Amino acid sequence: MSTPRIGLALGGGGARGLSHIAVLQALDDMGLKPHAIAGTSIGALIGAGYAGGMSGDELEGFTLATLGEWKKVLGKLVEVSIPKRFGDLIGGKGSLGQFDSKRVLDVFAGEILKDDFSQLSIPFQAIAADYYKAEEVRFHEGNLIDAIAASIAIPFVFKPVHLHDKVFIDGGVVNPLPFDCLPADCDIIIAVDVIGSPQRDPKKKLPSATESVFGAMQILMRTISQEKLKQRPPDLIALPNIKQYQLLDFLKAREILEDNAPLREEIKVELDQKIETYLIS
């Protein structure tokens, strides 16, 4: 009997999305190659690396090498000119969208990303939002870096991305968990939800301005996902251990990966059951 075609949806959630890697490692362990991948924001970035031929273990190694030491991260931040603008950001002088997402991609992930969708070994879509049309856009061909830059353009953190006379922002505001973007011929759909929800700080009565912005985005994304799940739930929803992490906790990459190491085995067990049920039916 043939192996079922696996559709993989990798959701948005900033640094929390580093936990996607454990799911990719599980698929590698089982010798399963996804039939198609759809990714939003951080899910688009990690999904593009995987669709381009990197294994889950290789992505983990690259993540630790890139984000595991704060001095290396600081050096890369200097390259993207973040320090000279960071004061504006935290001082309230900056406007919506401070940093160039394409430049950040080039400095932090340029060496692992293909240039064009045609170079990928797995069909892949990156989800972004058309700002002025207020609608979802699914990138699946052409320049891959441009598509990912659009998909990760988190409001307040990155500048909106101008492409083809259109303006794009982070895909999480329209489709934070893009399992509905996967082709209809997928037999088993896996969705990895890394949205999380605002967490109360017992030391604070109210969240800060920045926390309120990011928390509001989480609420928006969570609401969208919950409504979509009522209509067509995926076959397997992975819920990584991420609620204790914030959107920009990339310097906690090692902790995020370690906290989600057990997910690798959990997914293998759950997916094996789904495959068995599929083959019997």
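How many of the five residues of strand β2 (residues 36-40) are buried? In this predicted model, the count is five of the five, so β2 is largely enclosed by the rest of the structure. That makes the strand a handy place to begin a walk through the fold.

Start with the two faces of β2. In a regular strand the side chains alternate between the two faces of the sheet. Here, Ala36, Ala38 and Thr40 are on one side of β2, while Ile37 and Gly39 are on the other, and all of these residues are buried. Both faces of the strand are therefore covered, since buried means under 20% relative accessible area.

Next, look along the edges of β2 for its partners. Strand β1 (residues 6-10) pairs with β2 in the parallel sense, over four bridges. If you would like a landmark for this pairing, find Ala9, whose bridge partner in β2 is Ala38. To get from β1 to β2, the chain passes through helix α1 (residues 20-29), and this β-α-β crossover is right-handed. Strand β3 (residues 124-130) also pairs with β2 in the parallel sense, again over four bridges. The landmark here is Gly39, which stands opposite Ala126 in β3.

Now let us turn to the aromatic side chains. The model holds four aromatic pairs, among them Tyr131 with Tyr132. The centres of these two rings are 5.0 Å apart and their planes meet at 80°; because an angle over 60 degrees counts as edge-to-face, that is the label this pair receives. As for solvent, Tyr131 is partly exposed, with a relative accessible area of 41%, whereas Tyr132 is exposed at 67%.

Phe156 and Phe214 form another edge-to-face pair, with 6.2 Å from centre to centre and 75° between the planes. Where do Phe156 and Phe214 lie? Phe156 is in the loop between α7 (144-151) and β5 (161-163), and Phe214 is in helix α8 (residues 209-231), so the pair ties together parts that are 58 residues apart in sequence. The loop residue, Phe156, is partly exposed at 21% relative accessible area. Phe214, on the helix, has 14% relative accessibility and counts as buried because the cut-off is under 20%.

One last stop involves a charge and a ring. The charged end of Lys228 sits over the ring of Phe179, and the distance to the ring centre is 4.5 Å.

Note on methods. Residues are numbered from 1 along each chain as its sequence is written. This is a predicted model: local features need pLDDT of at least 70, side-chain atom pairs count only at pLDDT 80 or more; totals for chains, interfaces and linings use all residues. Side-chain values use heavy atoms; hydrogens and water are left out. Rings of Phe, Tyr and Trp (its six-membered ring) pair if their centres lie within 6.5 Å; planes under 30 degrees apart count as stacked, over 60 as edge-to-face and the rest as tilted. Buried means under 20% relative accessible area, exposed over 50%, partly exposed in between (1.4 Å probe, protein chains only). A charge sits over a ring if NZ of Lys or CZ of Arg is within 6 Å of the ring centre and within 35 degrees of the ring normal. Two strands pair if DSSP finds at least two bridges between them. A crossover is right-handed if, with the strands pointing away from the viewer, the path from the first strand over the helix to the second runs clockwise.
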